[in-house]
Amino acid sequence: MDKFFIKKPRCSSDLSVSSHVAPETQRETITSSFSNVDCILGVGSLKRDSEERKPIFKYDSNIRDVVRRHYILMGPYQPKLRVYPKTTFETSNRQFNPEWFNAPNSTWLEYSIDDDVIFCLCCYLFKNEFESRGNARKSFTQDGFKNWNHGLERIRLHVGEVNNIHNKCLNRMLDFANQRQSIQSSLHKQSEKIKSDYRIRLNASINVVRFLLRNGLTFRGHDESEDFDYKGFFLELLKFHGVNRPDVENVI
């Protein structure tokens, strides 16, 4: 039969994940999520390093949210190097400080190895949605920032007040992550209930079948429609089985 069908190539990915999404949710969703992205955009087309990434607004609007979920699941790009490049500022040499990766910047701050600059993940993903509502700078989204002489001060300035664009983008990113977690958790719980109901219904059906076979009785009735009173041995015995078993009665 194989000669009559054309096999479609499977899409897969082995990328690792580091984000604030619950670990149990990551294990259930990461494979399918990455596979969807790879199937749409091609394996490896979404770059990990911030400097190599295509601006989010350049993706088609139909797949933009898929790309966002992909990057949110991976988490911010925070490579830990033994030595970071030094840059001369006036009379002193400065470099990126990996301690800046710690809270409260741990969910969004990124570092590009190629250009020795830092970026903001949440602003990269969502800033274009708020650009018309304020003066959004490009240093943490497109150009990168590397003035290590005033690094911590500049990071604080980027974060700004509660109603700043950065915080709006951060909240949007957290909402995306929580939405993903909530949906997948709900589906997982629903799936477990479906499996449990199926086992109960199957075991009850097997018990009825064994009884009918042992006694050489017929299974089907003359009319098994809802309006007909007597539907045959199988359905009637299954219903009777549920009278004494509430768990069976709920699923038959």
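A residue is called buried when its relative accessible area is under 20%. By that yardstick, buried residues account for 35% of the 252 residues in the protein chain of this predicted model. The accessible surface of the chain amounts to about 16,300 Å², and carbon and sulfur atoms contribute 50% of that area.

A walk along the sequence helps a newcomer to find the main elements. Seven helices and four strands are present in the protein chain, and they follow one another in the order α-α-β-β-β-β-α-α-α-α-α. Among contacts in the chain with a separation of 6 or more, 63% join residues that lie 24 or more positions apart.

The second largest pocket is a good place to look next. Its space comes to about 220 Å³, and its lining is made up of 16 residues. Nearest to the centre of this pocket are Pro 55, Phe 57, Tyr 124, Thr 141 and Gln 142. Helix α3 (residues 121-130) supplies four lining residues, the largest share. Sorted by class, the lining holds six nonpolar, six charged and four polar residues.

Another part of the chain can be explored through Ile 206, a residue of helix α5 (residues 165-214). Ile 206 counts as partly exposed because its relative accessibility is 32%, which falls between the 20% limit for buried and the 50% limit for exposed residues. Leu 238 lies 32 residues from Ile 206 along the chain, and the C-alpha atoms of the two are 9.8 Å apart.

Methods
Residues numbered from 1 in each chain as written. Predicted model: local features only at pLDDT ≥ 70, side-chain atom pairs only at ≥ 80, totals over all residues. Heavy atoms only, no water. Helix = DSSP H or I, 4+ residues; strand = E, 2+ residues; numbered from the N terminus. Buried < 20%, exposed > 50% of the residue type's maximum accessible area, 1.4 Å probe, protein only. Contact = heavy atoms within 4.5 Å. Areas by Shrake-Rupley, 256 points an atom, 1.4 Å probe, with all protein chains shown as cover. 1 Å grid on protein atoms, 1.4 Å probe; cavity = no way out; pocket = protein on both sides within 12 Å on 5 of 7 lines; lining within 4 Å. Points joined across faces, edges and corners; volume = space filled by probe spheres on them. Nonpolar A, V, L, I, M, F, W, Y, C, P; charged D, E, K, R; others polar.
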